[in-house]
Amino acid sequence: MIRVLVADDETGMVETFRQRLAAEEIEVIAAFRAREALSILSRGDMDVVVLDIRLPDMDGLDLLTKIKETWPSLEVIILTGSASIATAIQSMKLGASDYLTKPCSVSDLSKAISKAYEKKMDTLKTADQGNEARGKRVHDYFVGASDEMMKVKNILSLVAPSRAPVLILGETGTGKELAALAIHELGPRSGRPFVTINSSALQETMLESELFGYRKGAFTGADSDKPGLLEIADHGTFFVDEVGEMGLTIQAKVLRAMETGTFRKLGATTETKVDVRFIFATNKPLKNEVEQGRFRKDLFFRINTLQVNLPPLRQKKDDIPLLTGYFLGKFVTGGKRKRFSREAINLLTLYGWPGNVRELANTVQRSILMSGEREEIEPEDLTPAILKTVAYPKEAQVPSQGHRTLNLSRMEQGHIQSVLSSVKGNKAKAARLLGISRTALYDKLGAMQAAR
């Protein structure tokens, strides 16, 4: 289904578009203000924009310019009154793919959307072919074929060509630095420096000197000039991990560096100029940090131009077999062959993974060692955390050659009952914790009842 953002303050017309285009596999998302449109676009999941030339809070051409600067591969169709043809022609020069005069028929709009979508797909295909020719594709950076991961890969492909700042959100262990590297390598700054810093790993004074560098004699122990990481990242990408841990004073200086492209080293009297693309990451809810006064509002709005949300592993459990296979290939050495048994894979799928993909990687590495010379990795080779957390009924255990063999169906039933008990029978909560739909949960409960 094509996802289209319609930015127009005529609510009746937008609703008509929404209802009639749905039959043609076109989903309409409405925005009645430019600000609202930019907020929706920052999610990165729109295919085409239909933009009214007149919006209450911003001139349509200004908004078009901002959209094309931030999301160059996004196709924009302009809606204009018949008296604004000259403006519409100018919009084409600014990057719009088409324009329609109001009132326009749903049929004409549908054709324009389909044409714009095909153009966008051709552009992405060409870009991907270029990346592939250089040996780089977004799929090379993230393993997974779940809906959640395919959405992430699509967003990374869209934001990589832009020069705008990116904010990557995700729990610890979800791969935020890997996502930042993918954006860098897939973008126009590939081959240039990719420099990283973790704000939580350094005290504020040390963080400032690492970021901006210093002149000889700036403080006791400064025996020579030292370039800062920002200077080292010139013409490349600068990745700031755990930006939520950064103090307010440093935040102000980073904001100024972003807005002016200049900064002053400790002990220097002149400015240093750099051309850097900024990528930030955090596992903190920055809006809450802003409300609590721990994070600058102006910096938050500046770094939140483009947003990438990395899902936790518990929300993409379909990818666990693929990920375990990837890590086996990475960690198994010496020509050995290893595989996880069905029972072990099922336990991995049932586990909640608080440490996300990083924890899974460590688990696979440990399981390889614990399995010794055996080719098949069994449940007993998994971590104690998994075996203690994932419940399965005792009657499912059958002694076999010194280790237990688990009945897969009984183990699943026991886990479902355990989860239901923990949420006091709330099936909606249980389904969310199990990572399945409520319909699937009801089907499983029905099968369990019939088996009794």
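Two strands count as paired if DSSP finds at least two bridges between them, with helices (H or I, at least four residues) and strands (E, at least two) taken as DSSP runs numbered from the N terminus. This is a predicted model, so local features need pLDDT of at least 70 and side-chain atom pairs count only at pLDDT 80 or more, while totals for chains, interfaces and linings use all residues. Residues are numbered from 1 along each chain as its sequence is written, and side-chain values use heavy atoms, with hydrogens and water left out.

**View 1. An open, parallel sheet of five strands.** Reading across, the strand order is 2-1-3-6-7. Strand 2 (26-31) and strand 7 sit at the edges with a single partner strand each, so one side of each has no neighbour in the sheet. From one strand to the next, the twist averages 25 degrees (axes are lines fitted to C-alpha atoms, for helices over the stretch in contact, and angles run from 0 to 180 degrees between N-to-C directions).

**View 2. Strand 1 (residues 2-7) alongside strand 2.** Six bridges hold this parallel pair together, and Val6 stands opposite Ala30 in strand 2. Helix 1 (residues 11-21) packs on the sheet, touching strand 1, strand 2, strand 6 and strand 7, where contact means heavy atoms within 4.5 Å. The direction of helix 1 makes about 160 degrees with that of strand 2. Helix 2 (residues 34-41) lies across strand 1, strand 2 and strand 3, at about 135 degrees to strand 2.

**View 3. Strand 6 (residues 75-81), largely enclosed by the rest of the structure.** Six of its seven residues are buried (under 20% relative accessible area; exposed is over 50%, partly exposed in between, with a 1.4 Å probe and protein chains only). Strand 3 (residues 48-52) runs parallel to strand 6, joined by five bridges, and here Val50 faces Ile77. Strand 7 (residues 98-102) also pairs with strand 6 in the parallel sense over five bridges; Leu79 has Leu100 as its bridge partner there.

**View 4. Aromatic pairs, nine by count.** Rings of Phe, Tyr and Trp (its six-membered ring) pair if their centres lie within 6.5 Å; planes under 30 degrees apart are stacked, over 60 edge-to-face and the rest tilted. Tyr214 and Phe219 meet edge-to-face, 4.8 Å centre to centre with 65 degrees between the planes. Tyr214 is buried at 14% relative accessibility, whereas Phe219 is partly exposed at 36%. Phe278 and Phe280 are stacked, 5.8 Å centre to centre and 5 degrees between the planes. Phe278 is buried at 7%, and Phe280 is buried at 0%. Together with Phe238, Phe278 and Phe280 make one aromatic cluster.
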